Amino acid sequence: MTDILNAIIVILNFIVIPGVAYGSQLALGALGVTLVYSILRFSNFAHGDTMAFGTMFVILFTWWMQGLGLSLGPLPTALLALPLGIGACALMVLFTDRSVYRFYRRQKASPVILVIVSMGVMFVLNGVTRFIIGVDDIRFADGERFIIRARDFRDATGLDEGLAFRTSQAITIVVAVIAVAALFYFLNKTRTGKSMRAFSDNEDLALLSGINPEKVVAVTWIVVAALATTAGTLYGLDKSYKAFTYFQLLLPIFAAAIVGGLGSPVGAIVGGFVIAFAEIALTYPLRKVLAYLLPESLEPDGLVQLLTTDYKFAVSFAILVIVLLFKPTGIMKGKAL
């Protein structure tokens with residue numbers, strides 16, 4: 001019985017808790033992608049670098065607040081800087097829309113043209129972010145690092161395995177739940193949110209109903225900036241900040257949005273957790289778990305790892321290809337590419 005409990009603790013420690021935290025971060029990122037696709041009608045390839053740009057300002061404001069002696073005690077100062085980072089990111093995406101996307105929108109350019117334009121924006125944003133904050137790994141989490149420490153858990157339970165629960169993981173889960181609840185309330189209960197949904201369902205009918213398209217576009221970008229900055233900050237607190245890492249996150253975020261059902265907010269959340277658990281479970285070495293569950297004579301010699309962590313993003317790509325081949329509308333029946 002003790003061995004089974006130890007195996008469960010290992011799975012919780014290295015697969016379940018990291019999977020829930022990473023899935024929450026991907027879900028917030030995928031929600032931004034799916035909002036742009038369903039309302040502005042193109043796939044925004046600059047979303048990963050929008051996350052990097054917003055998180056960069058959160059880090060800069062965090063350093064400024066720490067210099068002034070401001071803090072949240074056991075919680076990261078970045079939570080205090082998050083609204084300011086969202087504001088800076090919102091200004092950037094609104095400026096990008098006015099200076100780049102609006103021209104093509106008025107020309108009624110095809111979605112493919114807008115995708116190519118967003119790739120240009122992606123490269124510019126990537127360069128600006130690297131120029132301002134550099135290319136190195138940055139750790140900006142402060143306050144208490146753990147809520148539950150592995151050694152304390154072992155001492156309290158008497159088990160061989162310890163369970164660690166980091167503060168950044170708890171914050172990720174709590175903030176993601178609040179952000180998703182606020183987004184769904186905004187989309188379903190407020191007049192502006194209903195206008196955005198009407199614009200998404202039928203643009204011509206929405207215009208005939210007197211909905212201001214420029215207001216819908218501006219609010220969409222602001223909401224996307226809030227989601228992107230929040231997701232990027234949570235990811236940076238949980239791991240570390242590096243501008244190029246956010247560029248690489250574009251693949252799992254798009255995979256999450258497409259696997260869940262592009263254009264479906266619920267699908268984006270489901271897809272985020274599917275991709276996160278698939279990446280972590282397929283790249284985790286199961287040797288320790290099997291050693292607890294199997295007889296000693298059957299204990300494996302190798303790591304029993306299906307894929308190394310170097311292929312983590314390949315898992316996202318493989319799932320994306322499979323879904324596009326067999327269920328292009330995704331799990332929640334969104335829109336096909």
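1. Let's start with a cut-off: a residue counts as buried when its relative accessible area is under 20%. Trp 221 comes in at 3% relative accessibility, so this residue is buried. Bear in mind while you look around that this is a predicted model.

2. Tyr 101 is worth finding next. Its relative accessible area is 3%, so Tyr 101 is buried too. Phe 42 is also a buried residue.

3. Now for the rings themselves. The count of aromatic pairs in this model comes to 12. Take Phe 42 and Tyr 101: the ring centres are 5.2 Å apart and the planes sit at 35°, so this pair is tilted. Along the chain the two partners are 59 residues apart, and the pair links distant parts of it. Phe 42 is in the loop between helix H1 (2-40) and helix H2 (47-68), while Tyr 101 belongs to helix H3 (residues 78-106).

4. Which residue forms a stacked aromatic pair with Tyr 101? That's Trp 221, at 5.4 Å centre to centre and with 15° between the planes. This pair links distant parts of the chain as well: Tyr 101 is in helix H3, Trp 221 is in helix H9 (residues 213-238), and their positions lie 120 residues apart in the numbering.

5. One more spot to look at is an aromatic cluster, made up of Tyr 22, Tyr 235, Tyr 241 and Tyr 246. Tyr 22 has another partner besides: Lys 312 lies over the face of its ring, 5.1 Å from the ring centre.

Methods:
Residues are numbered from 1 along each chain as its sequence is written. This is a predicted model: local features need pLDDT of at least 70, side-chain atom pairs count only at pLDDT 80 or more; totals for chains, interfaces and linings use all residues. Side-chain values use heavy atoms; hydrogens and water are left out. Rings of Phe, Tyr and Trp (its six-membered ring) pair if their centres lie within 6.5 Å; planes under 30 degrees apart count as stacked, over 60 as edge-to-face and the rest as tilted. Helices (H or I, at least four residues) and strands (E, at least two) are DSSP runs, numbered from the N terminus. Buried means under 20% relative accessible area, exposed over 50%, partly exposed in between (1.4 Å probe, protein chains only). A charge sits over a ring if NZ of Lys or CZ of Arg is within 6 Å of the ring centre and within 35 degrees of the ring normal.
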